[in-house]
Structure formats: C-alpha cells, structure tokens
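Here's a quick briefing to read with the model open beside you. Grab a coffee and follow along in the viewer.

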Amino acid sequence: MDDIKVSDVYDPNNMYSTIVPEDERLEDLITRLADDPCIRGIFLVDSRQRFAGVITRTVLLKWEIGRA
C-alpha cells in the first residue's frame, strides 16, 4: 500500500460521530442519537478531555435488550 495518510481520506464534512463527557446522562446521549440518525458512534472523554471509550447504537441496543 502506498504511503497514504489518514488525512488523505478524512472528510470533516462527513462527521458521523460526536464527542461527549463520560459522565453525561444516558438519556441525553440517547436523545443525541435519536435527533441525528447519521451519528454512528459517540466518543467519550474523561474530565481531562482524554479518550475514555466509544458508545455505538449497537452497544446501546444490546444493553437495553439485556435489561428486559
């Protein structure tokens, strides 16, 4: 593969994710997903704004099914 960089394929106009603090209320996170069906994942950051994890629609659905 050629020396292709992430910046060569990244398109900031097609953001399908968002960033939220890891202590955001789950209800607010679900509202974000419901309001914007293009969002595929939500990146979580800790109090120092460091990456803490990812929540996807699939993870939330599996969590909800497990609660039933």
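**Starting from Ile19**

If you skip the neighbours within four places in sequence, Ile19 is in contact with Arg32, Phe43 and Val45. Keep in mind that this is a predicted model. Ile19 belongs to strand β1, which covers residues 17-21, and the points below work outwards from that strand.

**Strand β1 and its two faces**

- Strand β1 has a covered face made of Thr18 and Val20, while Ser17, Ile19 and Pro21 make up the uncovered one.
- Ile19 counts as exposed because its relative accessibility is 56%, and the cut-off for exposed is over 50%.
- Thr18 is also in strand β1, but Thr18 counts as buried because its relative accessibility is 18%, and buried means under 20%.
- Leaving out neighbours within four places in sequence, Thr18 touches Arg32, Ile39, Gly41, Ile42 and Phe43.
- Ile19 and Ile42 sit 23 residues apart in sequence, yet their C-alpha atoms are 5.7 Å apart in space.

**How the strands pair up**

- Strands β1 and β2 run parallel and are joined by five bridges.
- On that pairing, Val20 of β1 stands opposite Leu44 in β2.
- Strands β2 and β3 are joined by five bridges too, but they run antiparallel.
- Here Val45 stands opposite Phe51 in β3, a strand that covers residues 51-56.

**The hairpin and Gln49**

- The hairpin of β2 and β3 has five residues between the strands, and Gln49 lies in that loop.
- Gln49 isn't a glycine, yet it has a positive phi of about 65 degrees.
- For background, most residues other than glycine have a negative phi.
- Gln49 counts as exposed because its relative accessibility is 60%.

**The nonpolar core**

- The largest nonpolar core has eight residues: Val20, Leu29, Leu33, Ile39, Ile42, Leu44, Ile55 and Leu60.
- Two elements give two or more residues to this core, namely α2 (26-35) and β2 (41-45).
- Val20, from the covered face of β1, is one of the core residues.
- Leu33 is another core member; beyond its neighbours within four places in sequence, Leu33 is in contact with Ile39, Ile42, Arg57 and Leu60.
- Among those contacts of Leu33, Ile39, Ile42 and Leu60 also belong to the core.

**A nonpolar patch on the surface**

- Nonpolar side chains show up on the outside as well: Ile19, Phe43, Phe51 and Val54 make a surface patch of about 400 Å².
- Phe51, in strand β3, counts as exposed because its relative accessibility is 56%.
- Ile19 ties this patch back to the uncovered face of β1.
- Phe43 is in the patch too, and Phe43 is in contact with Ile19 as well as with Thr18.

**Salt bridges**

- A search of the whole structure turns up six salt bridges; three of them are described next.
- Arg67 and Glu64 meet through their side chains at 3.4 Å, N to O.
- Arg67 and Glu64 are separated by about one helical turn, because they're three residues apart in helix α3 (residues 57-67).
- Of that pair, Arg67 counts as exposed because its relative accessibility is 55%, while Glu64 counts as partly exposed because its value is 39%.
- Elsewhere, salt bridges that share partners join Arg25, Glu27 and Asp28 into one network.
- Within that network, the side chains of Glu27 and Arg25 come to 3.1 Å, N to O.
- Glu27 is exposed because its relative accessible area is 52%, and Arg25 is partly exposed because its value is 48%.
- Glu24 and Arg32 form a salt bridge with an N to O distance of 3.3 Å.
- Arg32 counts as partly exposed because its relative accessibility is 34%, and Arg32 is also a contact of both Ile19 and Thr18.

Key:
Residues are numbered from 1 along each chain as its sequence is written. This is a predicted model: local features need pLDDT of at least 70, side-chain atom pairs count only at pLDDT 80 or more; totals for chains, interfaces and linings use all residues. Side-chain values use heavy atoms; hydrogens and water are left out. Patches are made of residues with over 30% relative accessible area and no salt bridge: like charges are joined within 9 Å, nonpolar side chains (Val, Leu, Ile, Met, Phe, Trp, Tyr) within 5 Å. Accessible areas come from the Shrake-Rupley method with a 1.4 Å probe; for residues, only the protein chains shown count as cover. A salt bridge is a side-chain nitrogen of Lys or Arg within 4 Å of a carboxyl oxygen of Asp or Glu. Helices (H or I, at least four residues) and strands (E, at least two) are DSSP runs, numbered from the N terminus. Buried means under 20% relative accessible area, exposed over 50%, partly exposed in between (1.4 Å probe, protein chains only). A nonpolar core is a set of buried Ala, Val, Leu, Ile, Met, Phe, Trp, Tyr and Cys residues joined through side-chain atoms within 4.5 Å. Contact means heavy atoms within 4.5 Å. Two strands pair if DSSP finds at least two bridges between them.
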